[in-house]
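Welcome! Please take a look at the structure below before reading on.

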Amino acid sequence: MSANRLPTVFLPHGAGPCFFMEWEPADTWQGMEAWLRNLLPSLNVAPRALLVISAHWEEPLFTLNTQAAPGLLFDYYGFPPHTYQLTWPAPGAPELATEVAELLGQAGFKTAQNNQRGLDHGVFIPLKLVRPEADIPVLQLSLRADMDPQAHLDLGRALAPLREQGVLIVGSGMSFHNIPLMRASLATPAPAVLAFDNWLQAAVMLPQAERDAALAKWQQAPGAQLAHPDAEHLLPLHVVAGAAGESAGTCAFHQVAMGVPLSGFVFAD
């Protein structure tokens, strides 16, 4: 193992621009905000670049944002006007995009490039907390629209060499994402709501082979369809778990917000 190998991270990104507006109750997102603000110091890393896989970008092929200066994509709706004026002017990483395309090609993946799309809110909202200075180059990589769990684990495995090259691989999603249930904002989650989160925490902490096997069949887990009617907010976890290899997974953040359990995970040596 390399002493210089960076961890991989799965972070929950909240609800729209939740950290930058008033919410009721007022403390709903404060715990998550504090964790995100302290993420890099807690990991004790200084990445040369961030490679981010967000729940909010799906393409037929894994697609790389190749812009040198990406704008922001305000892909949330019905929020206060000031939340559409947020800024996070991080530089892009087109050279890293070339490296990633080569790695994925060697692993047998077809890829595409996009030099027009802005960074979506799954990227800039949490990273505005993680790195408000916006001084670390960021490369966004899409999910693949077929939502194949094994393919996203394999994608992560292909990206793993970047960890020894100063690249922090970040999956941005939610460990629980059922909007109607979250809108109900129950004070105490029902046992069925907790079942998937309990399973997921246990699965992440398994040794690599068992962890990958569990995540590949996540839809068979207790409460899976309740927690994730669609897969897009979970599959960024598969990418960072695949990139983690033998590194151990831990639940680094947990809270109940809007009546559902939300967890963040770190994979580190």
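This report visits a polar residue, then a nonpolar core, then a pair of helices.

The model is predicted, with pLDDT of at least 70 needed for local features and 80 or more for side-chain atom pairs, while totals for chains, interfaces and linings use all residues. Residues are numbered from 1 along each chain as its sequence is written, and side-chain values use heavy atoms, leaving out hydrogens and water.

Let us start with Gln-140, found in strand 5 (residues 138-144). Gln-140 counts as buried (under 20% relative accessible area, 1.4 Å probe, protein chains only) because its relative accessibility is 0%. Its side chain makes a polar contact (N or O atoms within 3.5 Å, one able to donate a hydrogen and the other to accept it) of 2.7 Å with that of Asp-120. Beyond four places in sequence, the contacts of Gln-140 (heavy atoms within 4.5 Å) include Val-52, Trp-57 and Arg-117.

Next comes the largest nonpolar core (buried Ala, Val, Leu, Ile, Met, Phe, Trp, Tyr and Cys residues joined through side-chain atoms within 4.5 Å), which has 91 residues. Trp-29, Leu-159 and Leu-237 touch the most other members. Helix 10 gives this core its largest share, 7 residues.

Here are the two helices that pack together:

| Helix | Residues | Among those that meet the partner |
|---|---|---|
| Helix 5 | 149-159 | Pro-149, His-152, Leu-159 |
| Helix 10 | 235-244 | Leu-235, His-238, Val-239 |

Their axes, lines fitted to C-alpha atoms over the stretch in contact, lie 6 Å apart at an angle of about 40°. Helix 5 is therefore oblique to helix 10 (neither under 35, over 145 nor 65 to 115 degrees).

Methods. Helices (H or I, at least four residues) and strands (E, at least two) are DSSP runs, numbered from the N terminus. Buried means under 20% relative accessible area, exposed over 50%, partly exposed in between (1.4 Å probe, protein chains only). Axes are lines fitted to C-alpha atoms, for helices over the stretch in contact, and angles run from 0 to 180 degrees between N-to-C directions.
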